[in-house]
Each structure stands twice: as structure tokens, then as C-alpha cells.
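Please work through the exercises below with the sequence and the model side by side, trying each task before reading its solution.

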Amino acid sequence: MENLSLEQMRYPIGVFKKPNEITDDLLKSWIEDIEELPTLLKKAVDGLSEEQLELPYRPEGWTLRQTVNHVADSHINAYCRFKLALTEDTPTIRPYEEQFWAELEDGKNGPIEWSLTLLEVLHKRWIVLLKSMTEEQFERTFVHPATQQANSLQTVTGMYSWHGRHHTAHIIELRKRLGI
């Protein structure tokens, strides 16, 4: 087993970096990543026992259960942010404290099947929305109050493509390290 640093365990696919240019092909690949996430995440946790779901993906990290439940929480918020940006002029979105959400009963102990089902249906809706959007709609923005910067929906699509792959990699990489 290779010796990974905490940073490698934390960011198994690296951190999201906004590309200088977002081509149509890149945007299409990000949408495909979002479309495939529910299936890939389900495959990543397939066969894990209840005890294995309580393993953290890194020291002092979330458990695998919390990670799956977090993805559902995060993507619900992302979907709502898209809808706000598409229907309001540069709205300031409402942030949420993801680390505290992960400690609530449904995040910490809720069955992952609920989040996997939620993601499957949520992503079906999100994909219909994403595939219907025009170039102008992808240029619409929202402001995150922490940064006070406008985020284009085009860039945010890339962030959530990365986000799903990032957390799926947490699970896959832990399984590889532990041989489970």
C-alpha cells in the first residue's frame, strides 16, 4: 500500500481549477459527469457493509456514509442555485454549513440508499435543465456571499462535475487502500 499524504487523501483528483477557456466540448463533458454521477457513486459504495460505511475516507474526515449524504445535500443546493440564477438577476445565494449538515442525524446516520435515490432523481431533473440551457443562460451568474464574486453557471457546472468525481474518488481510493 502506498503512503499517501493527507492532502492526497483529501484531494484524490486534485482541486478544481477553472480553465482559461470553457469550450463547448468541455461543458458537454462536465454535463456528462453530472449525468453519470448517481450511477458511479452507487457503484463506488456497492457491497459495503454498515460497518465499512462508518470508516472515514481520511483521518478526521467524514465517514463514507456522511460523504454520500453530503453529495446529496450539496447537489440539492447546487440545483437550487442554478434555478435562482436562471430566474433572478445575479442573486446572492444562501450558503450552508456543510460540515454541520454532515453532523445532523440524516447526514451522519441516514441510510445511503436514500441519498443515492435522491441523487438519481435530482440529477435526472438537473440534466434536463442543463441540456436545455442556452449559451446565454450558462453565462448567467450568482454571487456567493463568502467571496462576493459572481459565478457563471458555466463555471459552476465544472465545479459540480469535479465535486461528484472528487467524492466518488474518496470512496474508491479508501476501498483500494483497505482492499475492500
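**Exercise 1.** Place His166 in its element, decide whether His166 is buried or exposed, and list what His166 touches away from its sequence neighbours.

*Solution.* Begin with the element: His166 lies in helix 8, where helices are DSSP runs of H or I with at least four residues, strands are E runs of at least two, and both are numbered from the N terminus. This is a predicted model, in which local features need pLDDT of at least 70 and side-chain atom pairs count only at pLDDT 80 or more, while totals for chains, interfaces and linings use all residues. Residues are numbered from 1 along each chain as its sequence is written, and side-chain values use heavy atoms, with hydrogens and water left out. Next, His166 counts as buried because its relative accessibility is 5%, buried meaning under 20% relative accessible area (exposed is over 50%, partly exposed in between; 1.4 Å probe, protein chains only). Finally, not counting residues up to four places away in sequence, His166 touches Arg10, Tyr11, Pro12 and Ile13, a contact being heavy atoms within 4.5 Å.

**Exercise 2.** Identify the residues of the largest nonpolar core that touch the most other members, and then trace the contacts of Phe82.

*Solution.* The core, a set of buried Ala, Val, Leu, Ile, Met, Phe, Trp, Tyr and Cys residues joined through side-chain atoms within 4.5 Å, has 22 residues, of which Phe82, Trp126, Leu130, Met133, Phe138 and Leu153 touch the most other members. Two or more residues each come from helix 2 (24-45), helix 3 (64-87), helix 6 (112-132) and helix 8 (153-178). Leaving aside neighbours within four places in sequence, Phe82 is in contact with Trp126, Leu129, Leu130, Met133, Leu153, Val156 and Thr157.
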